[in-house]
Amino acid sequence: MYVRRLKDYAWIHIISLLCLCDGTASQISYSISEELNKGTTVGNIAKDLSLSLKDLETRDLQIVSGYSKKHFDVNLRTGEIFVNERIDREEFCPSIEKCSLKLQAVLSDPMNVHRIEINVLDINDNSPVFSEQSHVFNILESLSPGERYPLPVAEDADTGSNSVKTYKLSQNEYFSLDVQSGGEHGLSAELVLQKALDREKQSVITLLLTAVDGGKPPRSGTLQLTVNVVDVNDNTPTFSKSLYKTRVKENSAPGTMVIKLNATDVDEGMNSKIVYSMIKRGNIDPSVLFNMNSETGEITVKGALDYEDTPAYEVRAKAMDQGPVPRSGYAKLLIEVIDVNDNAPEISITSLMTPIKEDTEQGTIVALITVSDKDGGSNGLTNCKVVGSVPFKLKSNYKNDYSLVVDAPLDREHTPLYNVTIIATDEGSPPLSSIRIITVHVSDVNDNAPQFTEPVINVYVKENSPTGSSLYRIKAYDADLNDNAKMTYTLLDNYPKNIPASSLLNINSETGDIVSLQSFNYEETKTFQFKVQATDSGVPPLSSNVTVNVFILDENDNSPTILAPYSEHGSVNSENIPYSAEAGYFVAKIRAVDADSGYNALLSYHLSEPKGNSLFRIGTSTGEIRTKRRMSDNDLKTHPLVVLVSDNGEPSLSATVSIDVVVVENTADIQTQFRHVPIKEESFSDLNLYLLIAIVSVSVIFLLSLITLIAVKCHRTDGSFSRYSAPMITTHPDGSWSYSKSTQQYDVCFSSDTLKSDVVVFPAPFPPVDAELISINGGDTFTRTQTLPTKEKVCNPSQQVKIHFNLL
């Protein structure tokens, strides 16, 4: 009951010590008694660290430790550290004089670590206890006073002044008690014979041995001693030494010799034959770890020795003769265990802050690490470091306490997590080490703008496509995660022909689908450009742009148009030819244009003549009507001709014109085709002006180029001419010819019905570059061509593109 009261009214001794280490760690030391009630105040950490109470809450003060239970906690409103769990000193520090608990106080923003050492003071809450309830001595009556007999020792879980301090023996006339101090090995007591025994007077003597500790009030434990008084054997075996000392390594294998004890007995026969044994003292049974040969006195290793568990053993050896009434001699043996480096360092993580942002500044604490080694001396000294190339390093806080801090910039897109390998090595020989891997996850920040796969996107759209057609899906990617990679697409207005792009197109902000808001007309708009912006959802958002070129593809939606003089409404289209006209006589030339482009504007001319009429033919590409043969008397005088002009589109569109060809006898009656066309000042249309300007421009450019080429060649040296091969013109069986030089080649084809110098030039892939064919005065041509993408010659009439400029 007194002990319980002591627990309830325990007083606290607080000693605070504050010292700064490396500017980031300090140590505070407190002393408290064990068995304190929950909620008892230990100290005020705010005052000891000179911190304001506001800082404790804003910087989230936490008490961390490596123990399974949280024995202490802190009141953030008052700054007081208080007991959170009952502390039993004997549970943490059995048989250890000084008992201390290691804690860490962690403050964030900025991160600071303070080491707290709490010394747990012992209270006298354990009584001395003997390992046995009674002990028997057999003592000869013939022994003289002064004989000594070792007594069993009592064990007390308390330490210091609360451990066993003395032994007391009950009052008797034969024996006294001799208490000896063994220094660090505690007290020992011996039973001393004070008066010769008389078996006939008293054969059994009962004594009570009391062990008393130094607590206030003291506690005690008792042992009953029974002395049997016997007779006969007069001599006691004697060891060569009263105290033996030896050393043995903790990694000694079973059977290793420790020491050989030697005892002698001056008696003869069985009274001098000695049997050796070891005496169990308290809770320690030496026979578990050591084996003693009962005949030779040799002591060998039996069990596994551990310096970290017990650095030394005190063994009592007994030598007993074999007389009818055996006599025994005793000796003390001190066995010191030599430490070897058999314990690798232990790495414990007391706090881990993960994940960390990829923009975390260098020096930020990621984890708190504690390294310990159970070995002693240099075998227990450790060194700790980070292995491998990682953006982290260890920073020493206090002795074996470290902080893992960021040492280099982080990039989640490159490395989303790090397995940081920490190795701790002791200074033993050979050194031992242990490894601990800490996984650090890196969280994303919005540091990557959206990226398009290409800087310019070309979109091809057929004209006359219905409104609402999906033209293209814009796709961008972002190396970030989650909202930082979630993108929205925006159409940036560009103004082709003063029309905003947003009026022509719409874009789905989530999918990037571009949809037309109107139908396109190639003849009005061939191409336009706009930009699309992709913006992520990060804070702040990042964006990037891409240029989109929209090319309108031509459709065959325009029919050919017949040009003057046969296009006048209400006019009589007729031509006169002489009866004497030879085969191939030029009758008329039909000219037409098509508002489309490419193959859709490639025109062909055909005669829709009555069956059996074989007098006229027309050039399919030139539109020239000529006679096939000479006139005969059977031929009609008037020949109505219908000319069909068709383009090369799919489906093909066409236009027709009717001409009456009249055969006359007198050549003087023949009038030119212009006589049927009224001459008007306004007949010189804008188209004719554009054609004339184009012809003059091309002619001037050609002449300048020709003059420049001649001038350059005239100034070339002979060596320079060798670098230019002579132009070569090659004819082909299909009617085509190739013009080639060292750096360029043109492939040109003549159609089968081409007359004079009409030339057809093949265009390059889209966007098409049409060759320009200018026909002057009924067949004289001037051709400008562009280099073909390859040197392969193709003569497919369906791939011919010609634009005829007619000078009227």
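**S29 and its surroundings: a Q&A**

S29 is buried, at a relative accessible area of 12%.

Reader: Which strand does S29 lie in?
Author: Keep in mind that this is a predicted model. S29 counts as buried because its relative accessible area of 12% falls under 20%. The residue is part of a strand that covers residues 25-33, and that strand is β2.

Reader: How far apart are the C-alpha atoms of S29 and L101?
Author: Along the chain, S29 and L101 are 72 residues apart. In the model, their C-alpha atoms are separated by 9.9 Å.

Reader: What's the overall secondary structure of the protein, and how many strands does it have?
Author: Of the 808 residues, 42% are buried. Contacts with a separation of 6 or more come from residues 24 or more positions apart in 65% of cases. As for secondary structure, there are six helices, and the strands number 59.

Reader: Which residues touch the most other members of the largest nonpolar core?
Author: In general, nonpolar side chains in soluble globular proteins tend to be buried together. Here the largest nonpolar core has 27 residues. Strands β10, β13, β15, β16 and β17 each give it at least two residues. The residues touching the most other members are Y167, F175 and L191.

Reader: And what does Y167 touch?
Author: Leave out residues up to four places away in sequence, and Y167 still has a list of contacts. Among them are F130, V153, L177, L209 and A211.

Reader: How many residues are in the second core?
Author: This core is separate from the largest one. Its members include I32, L36, L56 and L107, and the count is 26 residues.

Reader: What kind of aromatic pair do F520 and F528 form?
Author: Both rings are buried, F520 at 5% relative accessibility and F528 at 4%. Their centres are 5.7 Å apart, with 35° between the planes. Because that angle is neither under 30 degrees nor over 60, the pair counts as tilted.

Reader: What lies over the face of Y522?
Author: The distance to the ring centre is 4.8 Å. The residue sitting there is K526.

Reader: How much of the model reaches a pLDDT of 70 or more?
Author: The mean pLDDT is 78. Over residues 1-24 it is below 50, though this stretch has 54 contacts beyond near neighbours in sequence. Residues 672-683 also stay under 50, with 12 contacts beyond four places in sequence. The share of residues reaching 70 or more is 80%.

Technical notes:
Residues are numbered from 1 along each chain as its sequence is written. Side-chain values use heavy atoms; hydrogens and water are left out. Helices (H or I, at least four residues) and strands (E, at least two) are DSSP runs, numbered from the N terminus. Buried means under 20% relative accessible area, exposed over 50%, partly exposed in between (1.4 Å probe, protein chains only). Contact means heavy atoms within 4.5 Å. A nonpolar core is a set of buried Ala, Val, Leu, Ile, Met, Phe, Trp, Tyr and Cys residues joined through side-chain atoms within 4.5 Å. pLDDT is the predictor's confidence in each residue, from 0 to 100. Rings of Phe, Tyr and Trp (its six-membered ring) pair if their centres lie within 6.5 Å; planes under 30 degrees apart count as stacked, over 60 as edge-to-face and the rest as tilted. A charge sits over a ring if NZ of Lys or CZ of Arg is within 6 Å of the ring centre and within 35 degrees of the ring normal.
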